[in-house]
Amino acid sequence: MQKEETARDAAGGRLSIRNVTKIYDPEGVNVMAVDDCSMDIAAGEVCMIVGPSGCGKTTLLNAIAGFHSITTGEIYLDDQLLCGPSKPQASMGADRIVVFQHGALFPWKTLLENVAYGPIVQGSMTKEQAHALGKVMLEEAGLSDVADKYPGEVSSGMARRVEIVRALINSPKVLLLDEPYRAMDALTKSIMHESLLEVYDRTKVTIFFITHDLEEAIFLGDRVYVMTTRPCKLKKVVDVNIPRPRDYKILSSEQFRLLVEEAKEAVHEEALKAFQAGERELA
Amino acid sequence: MTEMVQSGHDGPVVVRRSRLKKALSNVKFWRGLIAICVFLGLWEIGSRWESWFGVAFPYVGLIPAPSAVGLAATEVVTKIGYWTSWVDSFKRVFVGFMAAMILGIPFGLALAVNKYFRGIFFPPFEILRPIPPLAWVPASLIFWPTNEMSIAFVTFLGAFFTIVINVLGGARAIDVRYLRAAQSMGATQWDLFYKIILPGTLPSIFTGAAVGMGITWEVVLAAEMISGGGTQAGGGLGFFIWNSFMGGSLEQVVVGMISIGIAGYLSSSAVRALGDYFMPWRRLF
Amino acid sequence: MSKPTGLAYFWYTLEQRMATPTPYLTMFGLSLWIFTYWLLCEGLEFWRFGKIPGPVTVLTDWFARDPFQGISIFKEEYYIHIWSSCRRIAIAFCIATGVGVPLGLFMGWSKAFRDYTFPILEVLRPIPPLAWVPLAILMFSGFETPVIFLATLASLFVTTLNTMLGVDSIDEEYFRAAGCLGSSKWQIFTNVVVPGALPFIFTGLQISVGVAWFSLVAAEMVSGDYGLGYLIVDSFMNNVTVPMVIGMLTLGLVGWGTSVMVRQVGRQLMQWQVKELAQQDR
């Protein structure tokens, strides 16, 4: 176990979030999205962030990805400063790739062109090399049939899988997933989960996964971080010790049920708070 | 593993940032102001180039300088003929535009709701639509007994096609779910039309009206310029421009252009304001 | 489940279409319209309609070897008029697109650039292109350049604004995704901004070609030596009404043709959208 950890560390992907605070001020109204949040994510960990809708989880992800600045605090990736007091906004880079909630495959490129996009623009491969590698990777993911289709022609589940391939082709250190399966039905979701686990077992990439689905979080994650409602803070950490590779049988296991029980109360409490806060705002 | 430590932040940070934001919104305003000043300055320099350096600046050198235009404007606004031109043009625009609205909206709605009506009347409409409104001017001059009526007719045509197309598109784009929801609550055919289709089409009607208003001004201007028919005492802004051009007063031509720009802008703003008034649910956004 | 192709597909769609009342209604509508036109202008010569040439007169002249009033499909002059107008439109449209699209793209892309240019555009835009006629005549000598200038001006505003709105319409997530994948600013411009704005650009171009015809006709009517607008107004001056109507109908046809061409080019360039829409229909 110890050895494996070191090997993973060498590959990189350790994410360290230290006392991060983010205050938005739309028209001077003070909205605190993230309040003094700290967490350490080991290299190769599947880290699941669970919290009520609109609690500021996405703000955290945006700060890591470099879409937003942070107000105070620091974020490190493998001891390298992404953002901090001297540099409020991280620069975007192919070491941290986001998979978006509604999907952001370029509709004007075929799936293969989408996958090959990263290496080409980074200049690390020629167009031919990138297309060849893209084909191989799509085939590994069982998606070679649709390589020449446009994103608008395939189902959202397939598009999301391609989007993960598009991220992985750059060998990122961290994969940032922002509720990627939110709009899917339960059956599609379960297929998505299996394919994501398969990808993880193959690559052991660090995964920062935002969701509000507790069972999804425990099924996929090594560690589940339950967040409070806005402002976003860490409320509870649940370690998931279910061995990998996992499959759908564990969903009915006693261990899984106990873990859900353990986290559920904390999540429910926050959801209720968020709901009541929403009620107040509307009244 | 790090457990969360809570700490309270508020106050000073926020105040500084919102002030920054205010300054940012000002930046846009200042940039716009600078741009327009630079634009006017270059124009002024360009048209004065010849008197300073002896050689005419290409193109811009032939246009009167903004300062000269301003001077001409102060003179023009004291003349009664200029203002009657405003009134005349506005009258024509109003007549043509209202006629297009009164005939165009029911026609567009009828095309949208009735399949047979659409089958019969849409193809001829589509054949006539690509003909630019101004190509109708001579035919209209032959047909209508007076000049005024032919200008009104061409103006009407210009706005009519745009309004009908927008109404038709808007009414056809109404979400079927609204119709089904209303039907499931027991709405009659008349209710469907009056409570769903009509308000659902309002945004498109006003979009069409705004575009149509722009076209109306262009057509009125052109019709006035082509048909002539005005005197010193008035006759419309298009005639004012043409007359000034023939009289060799370029400053007045530019004054006329700016006047037409202002008139067109005022009319579109009026349409927009009406739209806001009739569509309170849109004001929220 | 193979889709029928080629001729079989054509017959299939034709059969499908003939099963609906639409084609019969269309034919009925067109004949009704032409009949009314004929009745008013030729059959009854009702009121002032008698002054307008009816469909029979127009068609016989249009397709006659020796037209009574000088213009038909066998006369070289007819094609000179069409050619002059089309050439002017082509030049004006190319200039307006070549300037307007890049201008709009940069205005959408760079906030500072927009802040500086947009106010000027907004100040100039309410002035109808036709109000520029005197200045155009003054600034550019000859017949040709002023006419082209006016048509260009009209298109330019439409193209620029639609392109800018097109860039505004692109979802923020595409920019972020491209940034994540390591694109430089310029790569984002070519890979996200340009294709993302294409649908709006082509909507704009279709409007712009229509507006160009609009201004062109007006400009040709005021000052011109050839062209369809000139043909119409010249016939009017010489009291020959048939060429006038032929000119109007030709304008409609040619204008419609150019708009179809623009749409087809758009469909070719935006295969992704065509396929997506086809998917939604099924």
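Which residue takes a positive phi of about 85° just after α9(B)?

1. That residue is Gly248(B), which follows helix α9 of chain B and takes a positive phi of about 85°. The helix before Gly248(B) runs over residues 237-246 and is mostly covered, with eight of its ten residues buried. The buried residues of α9(B) are Leu237(B), Gly238(B), Phe239(B), Phe240(B) and Ile241(B), followed by Trp242(B), Asn243(B) and Ser244(B).

2. Before going further, a reader should bear in mind that this is a predicted model, and that the model as a whole scores ipTM 0.83 and pTM 0.80. For chain C the average pLDDT is 83, and 94% of the residues of that chain score at least 70.

3. Chain A contains both kinds of secondary structure, with eight helices and ten strands. A compact globule of 283 residues would have a radius of gyration near 19 Å, and because chain A has 19 Å, the value agrees with that expectation. The C-alpha atoms of chain A fill a box of roughly 55 × 50 × 45 Å along the principal axes, and buried residues make up 47% of the 283 residues in the chain. Among contacts in chain A between residues at least 6 apart in sequence, 71% join residues at least 24 apart.

4. The domain division of chain A deserves a careful look, since domain 1 is made of two stretches, 2-95 and 174-282, while domain 2 covers 96-171. The C-alpha centres of domain 1 of chain A and domain 2 of chain A lie 24 Å apart, and where these domains meet, 23 residues of domain 1 of chain A are in contact with 16 residues of domain 2 of chain A. On the domain 1 side of this contact, α2 (57-65), β7 (174-178) and α6 (186-203) of chain A each supply at least two residues, and the largest share, seven residues, comes from α6(A). By class, that side has 15 nonpolar, four polar and four charged residues.

5. Chain C has twelve helices and zero strands, so that its pattern along the sequence is α-α-α-α-α-α-α-α-α-α-α-α. Its radius of gyration is 24 Å, well over the 19 Å that the globule rule gives for 282 residues, and chain C is therefore more spread out than a compact globule. The C-alpha atoms of chain C fill a box of roughly 70 × 65 × 35 Å along the principal axes. Of the 282 residues of chain C, 43% count as buried, and residues 24 or more positions apart account for 66% of the contacts in chain C with a separation of 6 or more.

6. The domain assignments of chains C and B can be read one after the other. Chain C is divided into domain 1 (17-52) and domain 2 (76-281), and 33 Å separate the centres of these domains of chain C, taken over C-alpha atoms. For chain B the assignment gives domain 1 (16-61) and domain 2 (69-283), with 34 Å between the centres of these domains of chain B, again taken over C-alpha atoms.

7. How many residues does each chain bring to the contact between chain C and chain B? The contact takes 45 residues from chain C and 41 residues from chain B. On the side of chain C that touches chain B, α2 (22-43), α5 (111-124), α6 (133-139), α9, α10 (228-237) and α11 (241-269) of chain C each supply at least two residues, and the largest share, eight residues, comes from α2(C). By class, this side of chain C, which touches chain B, has 34 nonpolar, eight polar and three charged residues.

8. Chain C also meets chain A, with 15 residues of chain C in contact with 21 residues of chain A. The elements that give two or more residues to the side of chain C that touches chain A are α8 (172-180), α9 (185-222) and α12 (271-281) of chain C, and α8(C) gives the most, with six residues. The residues on the side of chain C that touches chain A divide into six nonpolar, five polar and four charged.

How values were computed: Residues are numbered from 1 along each chain as its sequence is written. Chains are lettered from A and ligands numbered from 1 in the order in which they are written. This is a predicted model: local features need pLDDT of at least 70, side-chain atom pairs count only at pLDDT 80 or more; totals for chains, interfaces and linings use all residues. pLDDT is the predictor's confidence in each residue, from 0 to 100. Domain bounds come from an automatic or database domain assignment. A residue is buried if 20 or more other C-beta atoms lie within 10 Å of its own, exposed if 12 or fewer, and partly exposed in between; C-beta atoms are placed from the backbone. Helices (H or I, at least four residues) and strands (E, at least two) are DSSP runs, numbered from the N terminus. The radius of gyration is taken over C-alpha atoms; the globule rule is 2.2 Å times the number of residues to the power 0.38. Two residues are in contact if their C-beta atoms, placed from the backbone, lie within 7 Å. Ala, Val, Leu, Ile, Met, Phe, Trp, Tyr, Cys and Pro count as nonpolar, Asp, Glu, Lys and Arg as charged, and the others, Gly among them, as polar.
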